[in-house]
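User: I'm new to this one and would like to go through it bit by bit. Can you take my questions as they come?

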Amino acid sequence: MSTLAETVSDSAVITRRNLIKVKRVPDLIVFATLSPIMFVVLFRYIFGGAINLPPGITYAEFLLPGIFAQTVVFGSTVTGASIAEDLQKGLIDRFRSLPMSRSAVLIGRTVADLGLNVISITVMALTGLAVGWRIHSSIAEAIGGFLVLLVFAFAISWLMALVGLLVRTPEVVNNASFIVIFPLTFASNAFVPLETFPSWLRGFAEWNPVSTVVQASRELFGNVPAGAPVPDAWSLQHPALYTVLWTVVILAVFVPLSVRAYLRTASR
Amino acid sequence: MTNAVVVEGLVKRFGENTALGGVDLTVSEGTVLGLLGPNGAGKTTVVRILSTLLQPDAGRAEVAGLDLATQADQVRARIGLTGQYAAVDEYLTGAENLEMVGRLYRLGKRESRQRAGSLLERFDLTDAAHRPAKTYSGGMRRRLDVAASLIARPQVLFLDEPTTGLDPRSRLAMWEFIADLVHDGTTILLTTQYLEEADRLADRMVVIDRGEVIARGTADELKAQVGGERLELTVAVVEQLDAVTEALRPLAQGELHADRQSRRLSVPVTGGTDTLAEALRRLSGVRADVLDIGLRRPDLDDVFLTLTGHSAEDGEPAGDPEAVPTVSAGASR
């Protein structure tokens, strides 16, 4: 077998192992499905009446791409906690002593978490359709909208993999990522239009990749009303391009860093 | 006989702390080497280096005739590792765990399944094969862990404290499994804090303390280093230990060892039963309640005590009244 084929085969073994856990641990499925449903319903009906939007769009249509982005970014933090757990339990030691591909544990992990995000996003989309969200674009564009979300979350997974390998305690990974991910998702256009932000925060939010992920998927789902004003920031004028750039940079930096950390780590 | 493991001048530092200060050892093919030492002696570090998890700072090592520094990939295909904590995936069943490891050793689907089935049977796990490992007892997890490390028939097996934390019955069962492996020709490097375990399983032993080899040889050779017999007694009340120690000091052929925690006194002696009779005569003049008294041949606990000044399982200097108890859970009496 060639090295690439071996890597793919080993990664598939690890992905399968991680997905079996999803099947057997109800908490994970609850986290991945019920909490997104709850977010969609709560935000839709609690903030729905209070937030002023440009004419031509309902809050459900504005909100859903934002909730998608928030959920998949949070979902990708599972990667870090799971790797820290494997490290704590000595499983990483076992894997590292096997003649398997050196990146398969991390690939298998991030791919399984991508799968979990696909489940979350499907459940949210169905819930969204039930509370008034609609796709107004072509099928290809809609698929593009989902891909932007999933690919960005996949990149964040690799960043979280490094965090998990360095922090080594699942609880600390969860708390630490919460402190970073929470402001990152809320200081964005995910839930409210940026026009209401104070100017210093608005500058941050405009260049925050979470905003551009949201903006890109809104455009691709056709959730931006015709005649809406063109945003000032370059990032929001070209949200898909800007998001893809971020994704490429995150992957280019954190895939090698995470693999390197994996090769050097050992449980204590 | 060729050596399955060769270690020369192995050094490993963690920051300021030198975990290994130049360790040399060899394991002949088809034999068991017991690597003995207290917690923190560096046993696990040796195993981590030999199983390619850690890079040494100096020195070299060969496993199965392959150089660790340049042929780590080939080494991994020929070794099995059972770490200190049972590294099994709790959410997978026993069978799934073994099949996964088999696949990662690149055995192929069918062979992984066959090997998993026969190992589950050999380790008495067939009934639990299709239950998640989460439901297993500590002993079952350990057995599953050892089974996982055997799935690709490794030439060299590393067992890092394979029975730590097991109840006596599981420990005995594990010893039997390990003895079977040796019988089948597997080379084993076993670390342990339990001297009885090494005495029972290992052909040769290397004793390390604070990262240095302090003794090596067969169990008999090590015991010979400690010399003759010992008179041991236990008193009912710890306050009586000092008076008893003073009364017996004239009989001692070396350092007496009083352990306050277990209220036990150990006196190196010569002269056999005559000395025992003399000791009893001397004790009759002391106000102390002796619970038991007897002569004993040295065991590996004594070896350790003599070589390092502290017991194998506490890692603290002996004689300290606050010392952690010198539990001799595994030591033969």
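User: Which residue of β8(B) is the bridge partner of B:L33?
Analyst: This is a predicted model, where local features need pLDDT of at least 70, side-chain atom pairs count only at pLDDT 80 or more, and totals for chains, interfaces and linings use all residues. Residues are numbered from 1 along each chain as its sequence is written, with chains lettered from A and ligands numbered from 1 in the order in which they are written. Strand β3 (residues 32-36) of chain B runs parallel to strand β8 (residues 187-192) of chain B, and five bridges join them. Across from B:L33 in β8(B), the bridge partner is B:L189.

User: And which residue of β9(B) does B:L36 stand opposite?
Analyst: β3(B) is also joined to strand β9 (residues 204-209) of chain B, by four bridges, and these two run parallel as well. Strands count as paired if DSSP finds at least two bridges between them. In β9(B), B:L36 faces B:V207.

User: How many of the five residues of β3(B) are buried?
Analyst: Buried here means 20 or more other C-beta atoms within 10 Å of a residue's own, with C-beta atoms placed from the backbone. On one side of β3(B), B:V32, B:G34 and B:L36 are buried, and on the other so are B:L33 and B:L35. The strand is largely enclosed by the rest of the structure, because the buried count is five of the five.

User: In what order do the four strands of the open sheet in chain B come?
Analyst: The edge strands, each pairing on one side only, are β12 (257-259) and β14 (290-296) of chain B. Strand β11 (residues 230-235) of chain B is joined to strand β13 (residues 264-268) of chain B by five bridges, one partner pair being B:L233 and B:L265. The pairing is antiparallel, and the order is β12-β13-β11-β14.

User: Over to chain A: are α3(A) and α7(A) roughly parallel or roughly antiparallel?
Analyst: Helix α3 (residues 59-76) and helix α7 (residues 139-167) of chain A have axes 8 Å apart and pack at an angle of about 30°. Angles run from 0 to 180 degrees between N-to-C directions, and those under 35 degrees count as roughly parallel, over 145 as roughly antiparallel. So the answer for α3(A) and α7(A) is roughly parallel.

User: Which residues of α3(A) make that contact?
Analyst: Residues are in contact if their C-beta atoms, placed from the backbone, lie within 7 Å. From α7(A) come A:L149, A:L150, A:A153, A:I156, A:S157 and A:M160. From α3(A) come A:F68, A:A69, A:V72, A:V73, A:G75 and A:S76.

How values were computed. Parallel < 35°, antiparallel > 145°, perpendicular 65-115°, else oblique. Contact = placed C-beta atoms within 7 Å. Buried ≥ 20, exposed ≤ 12 C-beta atoms within 10 Å, placed from the backbone.
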